[in-house]
Amino acid sequence: MGSMSAQMFVNHVELLLAAAVLVALFYGPWQSFVLEVLRQNLFNLRDSLFLVAADRKISFESPEYRAIRERFNMMIRYAHTLNWSHVLAHIICKPRDVKAFDINELVARIENPEVAKMVLGYYQRAMIYAALAIVARSLFLLITNMVFFPFAIVLLMLNARKINERVGRAINTDIDVEQGRKQLVAAS
Amino acid sequence: MTERERVLLVARIFDLLKDVLRYGFYAWIVWGVVLSMRELAGKSTDARFVFEYFFSRENDYALPWVLATVATIWALLERRFRYQKTEQLTARTKELEQRLDPSRSSSGLATTGVTHPRDKWVP
């Protein structure tokens, strides 16, 4: 083997190593990074909700405030378990034995309509952040999105509300299932 | 089987498919390296060429690899520093918020802001 073969060998091994490092980076530090960005965004939204209560627009003791804060807490706590396969499994199976979290019912009970609208906005942003994080953490979705992005945009424009509702319900149900699993483990 | 168990089963099947693809990719890389090593086996003189080429001008003196390694170490140190800061600042925020809301609920993360060990995902 001459120097040319050595060059080919190094180039070949470097290419393979670079691919391995990229994949390891994606499944290692990148996952933690996206998770921490998602959690930080959720913390910011929870803080915004806290400030609404601190301004006495909603009581800290009200069941609505408690329930929505608890939902943010659960999203922050179980953010690491959210992934497209779980969301897809919930959309396919539509489990009826898990009661889905209903934000509309909660905000309808808030007396001040401006506050209700604000709180609903925080929640919807949380759902968008969660959905974006799910995409950013999946190599499969990132690759397929490059191909199907224009179709996905058209589909989203045609059916935005329905898709948002379905994905939002699936994310919430996944969080509830995870919480239930933890409680079962803790009880046993 | 309850509906909840059915969801977990379907999710687990998807997870398994993802794992198969990921570890299959790693195996393919290892196999590629092994094949290349076989080509070089027993050729001590050529191994010197490999080393020389790796640090040669044509290979940019291996500068991208050196930079990537330095950047990785820097990022790890920076992250460790951020966790320490989070731990300090969270305690203060919690104390201040509890003055306004004594029954304030918590996210249940570890004090550094990472997933609590009890919540690590176990299939």
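The paragraphs below lead through a predicted model of two chains, A and B, from the overall fold to single residues.

Chain A is built from helices alone in its secondary structure, with six helices and zero strands, so that its elements, read from the N terminus on, run α-α-α-α-α-α. Its radius of gyration is 21 Å, well over the 16 Å that the globule rule gives for 188 residues, and chain A is therefore more spread out than a compact globule. The C-alpha trace of chain A spans about 80 × 40 × 35 Å along its principal axes. Of the 188 residues in chain A, 26% count as buried, and among the contacts in this chain with a separation of 6 or more, 79% are between residues 24 or more positions apart.

Before going into detail, it is worth considering the confidence of the prediction. The average pLDDT of chain A is 86, and 94% of the residues score at least 70. Within chain A, helix α2 (residues 63-77) has the highest confidence, at 94, whereas helix α6 (residues 139-187) has the lowest, at a mean of 78. Where pLDDT is low, the predicted coordinates should not be read in detail.

The interior of the model can be followed through its nonpolar cores. The largest nonpolar core has 29 residues, and those with the most contacts inside it are Leu42(A), Phe72(A), Met75(A), Ala126(A), Ala130(A) and Ile171(A). Helices α1 (3-54), α2, α5 and α6 of chain A each supply at least two residues of this core, and the largest share, seven residues, comes from α5(A). Met75(A) illustrates how the core is joined: when residues up to four places away in sequence are not counted, Met75(A) touches Leu42(A), Ala126(A), Ala130(A) and Ile175(A). A second, separate core of five residues includes Val177(A) together with Val7(B), Leu8(B) and Ala11(B).

Helix α5 of chain A deserves a closer look. This helix covers residues 113-136, and its 24 residues reach 34 Å from the first C-alpha to the last, close to the 34 Å expected at 1.5 Å a residue. The buried residues of α5(A) are Val119(A), Tyr123(A), Ala126(A), Tyr129(A), Ala130(A), Ala133(A) and Ile134(A). An α-helix has 3.6 residues a turn, so residues three or four places apart point the same way.

Two further positions in chain A show contrasting surroundings. Gly168(A) lies in helix α6 of chain A, and Gly168(A) counts as buried because 21 C-beta neighbours lie inside 10 Å. The C-alpha atoms of Gly168(A) and Ala79(A) are separated by 14 Å, although these residues are 89 residues apart along the chain. Arg56(A), by contrast, is found in the loop between α1 and α2 of chain A, and with 8 C-beta neighbours inside 10 Å it counts as exposed. The phi of Arg56(A) is near 60°, a positive value in a residue other than glycine. Most residues other than glycine have a negative phi, and most peptide bonds are trans.

Chain B has three helices and zero strands, and its elements run α-α-α from the N terminus on. Of the 123 residues of chain B, 7% count as buried. The loop between α2 and α3 of chain B holds both Tyr61(B) and Ala62(B). Tyr61(B) has a phi near 55°, again a positive value in a residue other than glycine, and Tyr61(B) counts as exposed because it has 12 C-beta neighbours inside 10 Å. Ala62(B) has 15 such neighbours inside 10 Å and therefore counts as partly exposed. Leaving aside its neighbours within four places in sequence, Ala62(B) is in contact with Phe54(B) and Phe55(B).

The remaining topic is the meeting of the two chains, where 38 residues of chain B are in contact with 38 residues of chain A. On the side of chain B that touches chain A, α1 (3-40), α2 (44-54) and α3 (63-100) of chain B each supply at least two residues, and the largest share, 18 residues, comes from α1(B). By class, that side of chain B has 16 nonpolar, ten polar and twelve charged residues.

Terms used. Residues are numbered from 1 along each chain as its sequence is written. Chains are lettered from A and ligands numbered from 1 in the order in which they are written. This is a predicted model: local features need pLDDT of at least 70, side-chain atom pairs count only at pLDDT 80 or more; totals for chains, interfaces and linings use all residues. Two residues are in contact if their C-beta atoms, placed from the backbone, lie within 7 Å. Helices (H or I, at least four residues) and strands (E, at least two) are DSSP runs, numbered from the N terminus. Ala, Val, Leu, Ile, Met, Phe, Trp, Tyr, Cys and Pro count as nonpolar, Asp, Glu, Lys and Arg as charged, and the others, Gly among them, as polar. The expected span of a helix is 1.5 Å times one less than its number of residues. A residue is buried if 20 or more other C-beta atoms lie within 10 Å of its own, exposed if 12 or fewer, and partly exposed in between; C-beta atoms are placed from the backbone. pLDDT is the predictor's confidence in each residue, from 0 to 100. A nonpolar core is a set of buried Ala, Val, Leu, Ile, Met, Phe, Trp, Tyr and Cys residues joined through C-beta atoms within 7 Å. The radius of gyration is taken over C-alpha atoms; the globule rule is 2.2 Å times the number of residues to the power 0.38.
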